[in-house]
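Keep the viewer open and make each selection as it is named. The stops cover empty space, packing and one chain taken as a whole.

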Amino acid sequence: MSTPAPTSTPSTVPPLPPDAYVRMALVLRVGLGLSLALLAGGLVAYVVAHPDASSSSILAQTPILSYLSFAGLGSGLASGSIEAYLTLGLVVLVATPILRVFSGFYYFRRAGERSMTAITFAVFVLLLVGVLAIGPYVR
Amino acid sequence: MVRLSVAVDLALFVTLLVLVAIAAGLVGSLTGLGGGVVVIPLLLILFGTSVPVAIGTGFVTILATSSATGAAYVRDRLSDLRIGMFLEIATVPGALIGATVTVFLTHANLQSALLIALGVVFLAIIPGTLSRRHIDIPPTLPPDSRSRRLGLAGEYHDEKLDRDVPYVAAQTSPALGVMFGAGVVSGMFGIGAGVFKVLALERFLNLPMKVSTATSNFMIGVTAAAGAGVMLAAGYVNPVVAAPVAIGTAFGAYLGSRVLPGLANPTVRLLFLPVIAALAIEVILRGLGLQ
C-alpha cells in the first residue's frame, strides 16, 4: 500500500516568520533606491564635469579602476571624486542581494535550522569570495 | 545593422544609452527574457562596447531589474525564500566559474569565441521561452529525503482560484544540476538565465508556475551578484555605460510589468522574439568576423 504524498510543509520545519519576508523586501527596495540614486547623481555630475568627453573616450577607459579597493574607494569618497561615488553606486547594487542572503542566514539561525543556516552561510561566503578574492585575482 | 560609427558627445551618448535601455527593459519584460538578453547585443552592435564590458553591464541590468520586481514578489510571499536559498548553493558557484571563464577568455584574446557562444546561448533561450509549461497547479509528486529534511514546501494564496495552494519540492538532485548549469550560463554571459531556472523549478521540483517564476526572479539577483562581483572587481564594469543602462532598463521593466501588463501576451512575445533572434545571429556573425 503506497503512502500518500505530503502536500504541505513538514511539521518539523516551521515556516519563516512573516517579518523575514517584509525585511528582505525592504533590503531590496532600500538597496536599489540608494544605488540608483548614487548612479544617477554620479552620472549627471560626470557629464557636467566632462563637457569635452566623447563616447569613444568613455569606451576606451574604465574610470573606476583606482577605486576598486577599500582604501582607494574610501579616499576617493573623502575627496569627493565623482568616479568614487559611481563606484559606490555599483558596489551597493552588487551588495544588495548579498545582504539579502545574509538576512536569510540570520533568520534561519534565529529559527535554529542548522542545515539552512549552513547553506545560506556557505552562499554568503561564496559571494564574498567572488568579490574579494576571485575578481581581484583575475584582474 | 546601424551602428554608432562616429564618436558622439557624452551627454548624447548617455541619453542614447538610457533610451535604448528603456526599450530593452520594456521588450525584456514583455517577452519574459529579461533586459540583459536585449541590452548586451545592442551594446555590442550599436555602441561598439567590448564583450566583457557588455557582459558586465548585463549583470548590472539584471541586478537593477531583479531587485525592483523581486521586492514585490518577496513581500507578497510568492517567492519561496527557503527553496530559493537552497538552490543558490548550486547557482552561485556556477556563476563564479562562468564569470571567471569569461575573464580568462578575454585575457586570452578569445573574445570572438565568446561572441559566438553568446549568440548561440541567446538563440537557445528562445525556444525555452516559447515552450514554457505554464501549468498553474502541477500534480503532486512525493518529496525526496533532502526536500523533507530541509522543509522545501509551502503554500501561497492564488487569487484567481481564491484558495491557498500547497506545494512540496521533489527531485532536488537534478534541480541542483540544472541550477549549476544556469549559474555557469548566467556568470559567463551576464544574463539571468531565468528560462533554465524556471525549467528546474517547474519540471524537477514540480512547483506551481507562479511560485517558480517568483522564486526564479528572487534567485536571479543573487546569481547575478556572484558574476557581477567578479566582473566589477576585475575592472570590467564601466560605470558611465552601466549607470544609464541600469536606470533605463529598470524604468523599462517597470513600464512593462506595471503600466503595460496587458501587452505581455503570447502575440507580443512572438512579435519580439524574431528581433532577439536577429540580434543573436548578428552577434554570431561578428564573432565569425563576417560583419
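Begin with enclosed space: one cavity of 30 Å³ or more is counted in this predicted model. The largest cavity holds about 30 Å³. To find it, select B:Leu17, B:Val20, B:Ala21, B:Val39, B:Leu43, B:Phe47 and B:Val245, which line the space. Colour the selection by class: seven of the lining residues are nonpolar, with no polar and no charged residues. Next show the helices of chain B as ribbons. Both α1 (10-31) and α2 (36-45) of chain B supply at least two residues of this lining, and α1(B) gives the most, with three residues.

Move on to open space and the second largest pocket, with a volume of about 460 Å³. Select A:Phe70, A:Val91, A:Val131, A:Leu132 and B:Leu232; of the 19 lining residues, these lie nearest the centre of the pocket. Which helices supply at least two residues each to this lining? Show α3 (70-78), α4 (82-110) and α5 (114-138) of chain A, then α9 of chain B. The largest share, six residues, comes from α4(A). By class, the lining of this pocket has 15 nonpolar, three polar and one charged residues.

Keep α9 of chain B on screen and turn to the packing. Helix α9 (residues 209-233) of chain B gives nine residues to the largest nonpolar core, the most of any contributor. That core has 89 residues, and A:Leu127 and B:Ile191 touch the most other members. Centre on B:Ile191. Beyond its neighbours within four places in sequence, B:Ile191 is in contact with B:Gly36, B:Val37, B:Ile40, B:Ile62, B:Val121, B:Phe122, B:Ile125, B:Val185 and B:Ser186. For a second, separate core, select A:Met24, B:Ala175, B:Met179 and B:Leu205, which are among its 32 residues. In soluble globular proteins, nonpolar side chains tend to be buried together.

Finally, hide chain B and look at chain A. What is its secondary structure? Chain A comes to five helices and zero strands, and along the sequence the pattern reads α-α-α-α-α. Among contacts in chain A between residues at least 6 apart in sequence, 60% join residues at least 24 apart. Of the 139 residues of chain A, 42% count as buried, where buried means under 20% relative accessible area. Switch to a surface view to finish: the accessible surface of chain A is about 7,100 Å², and 68% of that belongs to carbon and sulfur atoms.

Methods:
Residues numbered from 1 in each chain as written. Chains lettered and ligands numbered in written order. Predicted model: local features only at pLDDT ≥ 70, side-chain atom pairs only at ≥ 80, totals over all residues. Heavy atoms only, no water. Core = buried A, V, L, I, M, F, W, Y, C linked by side-chain atoms within 4.5 Å. Buried < 20%, exposed > 50% of the residue type's maximum accessible area, 1.4 Å probe, protein only. Helix = DSSP H or I, 4+ residues; strand = E, 2+ residues; numbered from the N terminus. Contact = heavy atoms within 4.5 Å. 1 Å grid on protein atoms, 1.4 Å probe; cavity = no way out; pocket = protein on both sides within 12 Å on 5 of 7 lines; lining within 4 Å. Points joined across faces, edges and corners; volume = space filled by probe spheres on them. Nonpolar A, V, L, I, M, F, W, Y, C, P; charged D, E, K, R; others polar. Areas by Shrake-Rupley, 256 points an atom, 1.4 Å probe, with all protein chains shown as cover.
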